[in-house]
Amino acid sequence: MGISAKETTGKDRLLRALQDVEGDIEWGVPLATMTSLQVGGPADVLVAPKDIANVARILLGARTQHVPVVVLGGTNVVVRDKGIRGIVIQLKHLTATRKDAAECLYAEAGVRMPVLMQYAVRHQLSGMEWAAGIPGTVGGGVAMNAGTRLGEMKDALQSVDFVNSRGRRMRIEASALTFSYRKTVLPKGIVVGAWFQLKAAAREQIEQVTKSYLQYRKESQPLTLPNAGSVFKNPTGQSAGKLVESLGLKGLRVGDAEISTKHANFIVNQGHATASDVLALIRKVRGLVAKKLGIHLELELKILGER
Ligand code: EPU
């Protein structure tokens, strides 16, 4: 099968956008293996920049060549079956952590939240306990103001290490940002790291909170099956899981996508689910909740990729 002129031009532009970039560059990579729900088609090109300077190069190159860029954390997301056009960035090499002041930690965006939490425990710093069991990365957590019922990102965030869409690196104070429930309003660009303002505390005290919290999550959430965390945001004063369960929808399936029998605000992949299965299941649940309860559920997870 021949390659169309459009495709050639597309690939040429991607190549030009990435010509000076150092890092891992892979073409046509299926993204299902990179998402916690294990669904999703290929990326035109998947790039894991070597360092922050190379994130800036990608953004500048993409802007010049007019190609779309998206960062894939992989945990709170559904990638459609046709995959993602343009450049998909994976920040797996941005894993540095350091103590910046007596009660301040810095972590690059690719650091996993459990790693950051352990790092805080080792330095006897309290303030990240709310994040126990959150599987995503620092960058994803900052970008969506991740949280649990114990707290949220904005409570600990001091400032954000950021590269804007022109490839300029800057430090943005948290006080200059607007946060709401699972949302951070940021300029166009990529979070490459964050500083956290924490408080000295006894190690045992921090561990006690995180352990009981992890236990709670283990008991109440289907953590042993592929999932993307909470599907819907909780409507004010209500619990999405409780609402979905009240309609008897636990166990509802489309293909291998299933409303978890353990927690109704989770969709699990029982084997070979596709993104279409997951999205059809979401539509079904949303439709039923709207029709029977008159409540519009908003998505917490993000949907990426070509329709
Ligand atoms: N509930 C039900 N049925 C269910 C699920 C929950 O009746 O199927 C009830 C629970 O018994 C509880 C209430 O609903 O009384 C709230 O449930 P839960 O404590 O599990 O918390 P949640 O509001 O569903 C939130 C976060 C989770 C976080 C947990 C624990 C949101 C949308 N989700 O869930 O975050 O782990 O609190 O702190 O705010 C995520 O964001 O991906 C995530 C997993």
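Two strands are taken to pair if DSSP finds at least two bridges between them. Helices (H or I, at least four residues) and strands (E, at least two) are DSSP runs, numbered from the N terminus. The model is predicted, and local features need pLDDT of at least 70, side-chain atom pairs count only at pLDDT 80 or more, and totals for chains, interfaces and linings use all residues. Residues are numbered from 1 along each chain as its sequence is written, and side-chain values use heavy atoms, with hydrogens and water left out.

An open sheet of 5 strands is found in the order β6-β7-β15-β11-β12, with antiparallel pairing. Its edge strands, β6 (97–101) and β12 (169–173), each pair on one side only. On average, and with direction ignored, neighbouring strands of this sheet are turned by 25 degrees against each other; here axes are lines fitted to C-alpha atoms, for helices over the stretch in contact, and angles run from 0 to 180 degrees between N-to-C directions.

At one edge, β6 and β7 run antiparallel and are joined by 4 bridges. A hairpin connects β6 to β7 through 2 residues, and A101 stands opposite C104 in β7. Strand β11 (residues 157–164) is joined to β12 by 5 bridges, again with antiparallel direction. Within this pair, S159 faces E173 in β12, and V163 stands opposite R169 in β12. The hairpin of β11 and β12 has 4 residues between the strands, and G167 in this hairpin takes a positive phi near 85 degrees. Between β11 and β15, which also run antiparallel, there are 7 bridges; the bridge partner of L157 in β15 is F196. Because 7 of the 8 residues of β11 are buried, this strand is largely enclosed by the rest of the structure. Buried denotes under 20% relative accessible area, exposed over 50%, and partly exposed in between (1.4 Å probe, protein chains only).

Two helices pack on the sheet, with contact defined as heavy atoms within 4.5 Å. Helix α2 (residues 52–65) touches β7 (104–108), β11, β12 and β15 (189–197), and its direction makes about 50 degrees with that of β11. Helix α3 (residues 113–122) touches β6, β7 and β15, and its direction makes about 155 degrees with that of β7. The 14 residues of α2 reach 20 Å from the first C-alpha to the last, close to the 20 Å expected at 1.5 Å a residue, where the expected span is 1.5 Å times one less than the number of residues. Buried residues of α2 include I52, V55, I58, L59 and A62. An α-helix has 3.6 residues a turn, so residues three or four places apart point the same way. In α3, the buried residues are M113, L116, M117, Y119, A120 and V121. A positive phi follows each helix: H66, just after α2, has a phi of about 55 degrees, and Q124, after α3, has a phi near 50 degrees.

Elsewhere in the chain, V79 lies in strand β4 (residues 77–79). V79 is buried, with a relative accessible area of 0%. Leaving aside neighbours within four places in sequence, V79 is in contact with L31, T35, V39, G40, G41, L72, I84, A275 and L304. The C-alpha atoms of V79 and L31 are separated by 7.5 Å, although these residues are 48 residues apart along the chain.

D256 occupies the loop between β17 (253–254) and β18 (257–259). The side chain of D256 reaches the backbone nitrogen of H272 at 2.7 Å. A polar contact is a pair of N or O atoms within 3.5 Å; within protein, one must be able to donate a hydrogen and the other to accept it, and residues adjacent in sequence count only if both atoms are side-chain atoms. Neighbours within four places in sequence aside, D256 is in contact with V268, N269, Q270, G271, H272, A273 and D277.

The ligand is surrounded by 23 residues, of which the closest are Y213, Y216, N234, E245 and E300; a residue is near a molecule or strand if one of its heavy atoms lies within 4 Å of it. A polar side-chain atom of Y216 lies 2.3 Å from an oxygen atom of the ligand. For Q221, an N or O atom in the side chain is 2.9 Å from an oxygen atom of the ligand, and for Y181 the corresponding distance from a polar side-chain atom is 3.1 Å.
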